[in-house]
Amino acid sequence: MLTEIIQRLRVLADVFDTRVAGAATVEAAVTQTLTEFPAAFVVPLEDKAEPNRADENLLQLLHQKIGVVVVLDASADPRGQAAVEAAWTAVRQALWYALLAWTPDGCSEPLAYRGARVLRSISEINARYCMGWDERDGF
């Protein structure tokens, strides 16, 4: 599913141009050295399974949380305020347009936005945020 999300963002979220990739963890995404902004990394955040609902078969729902780590240029303002004002609204709208209410292949429900959080910046030239998305699979 991560590859499918990456491909969708590359096509529909033109604010990133081709700067969309995957990473195995949030930590791997935030330690990337970048020279062009904004950029996005699609990462798995969490899987949570509900109990089996069937006695003789497998009927189980799996909730998957997917994160999109967004890296903005903060070189003009190491505090990050300029990066947020200049790009955050456009980036958030592009992600919502591409992902909100879209159902990836194999998923039983569309993606739902679950909020964003600021990640610790690794350097003074980047501001990094993680936006979370939920979806459910039925097995």
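Here's a quick walk through the cores, the salt bridges and one strand residue of this predicted model.

**Nonpolar cores**

Start with the inside. The largest nonpolar core is made of 24 residues. Leu9, Phe16, Val42, Val68, Val70, Leu95 and Leu99 have the most contacts within it. At least two residues each come from α1 (2–12), β2 (39–49), β3 (61–73), α3 (81–99) and β5 (126–138). The helix α3 gives the largest share, with seven residues. There's also a second core, separate from that one, with twelve residues; Ala23, Val26, Val43 and Leu119 are among them.

**Salt bridges**

Now for the charged side chains. Side chains of opposite charge can pair when their charged atoms come close. Here the structure has three salt bridges, set out below.

| Acidic residue | Basic residue | N to O distance |
|---|---|---|
| Aspartate 17 | Arginine 19 | 3.9 Å |
| Glutamate 36 | Arginine 19 | 3.7 Å |
| Glutamate 46 | Lysine 65 | 3.4 Å |

Arginine 19 turns up twice: it pairs with aspartate 17 and with glutamate 36. That ties Asp17, Arg19 and Glu36 into a network of salt bridges. Is arginine 19 buried or exposed? Arginine 19 counts as buried because its relative accessibility is 18%, below the 20% cut-off. Its two partners are another story: aspartate 17 is partly exposed at 46% relative accessible area, and glutamate 36 is partly exposed at 49%.

The arginine 19–glutamate 36 bridge joins distant parts of the chain, 17 residues apart. Arginine 19 sits in the loop between α1 and β1 (20–22), while glutamate 36 belongs to the loop between α2 (26–30) and β2.

The glutamate 46–lysine 65 pair also links distant parts of the chain, this time strand to strand: glutamate 46 is in β2 and lysine 65 in β3, 19 residues apart. Glutamate 46 is partly exposed, with a relative accessible area of 36%, and lysine 65 is partly exposed, also with 36%.

**Alanine 112**

Last stop: strand β4 (residues 112–119), where alanine 112 lies. With 22% relative accessibility, alanine 112 counts as partly exposed, since buried would need a value under 20%. Which residues does alanine 112 touch, leaving aside those up to four places away in sequence? They are Leu100, Gly132, Trp133 and Asp134. As for tryptophan 96, its C-alpha is 9.3 Å from that of alanine 112, and the two residues are 16 apart in sequence.

Terms used. Residues numbered from 1 in each chain as written. Predicted model: local features only at pLDDT ≥ 70, side-chain atom pairs only at ≥ 80, totals over all residues. Heavy atoms only, no water. Core = buried A, V, L, I, M, F, W, Y, C linked by side-chain atoms within 4.5 Å. Buried < 20%, exposed > 50% of the residue type's maximum accessible area, 1.4 Å probe, protein only. Helix = DSSP H or I, 4+ residues; strand = E, 2+ residues; numbered from the N terminus. Contact = heavy atoms within 4.5 Å. Salt bridge = Lys/Arg side-chain N within 4 Å of Asp/Glu carboxyl O.
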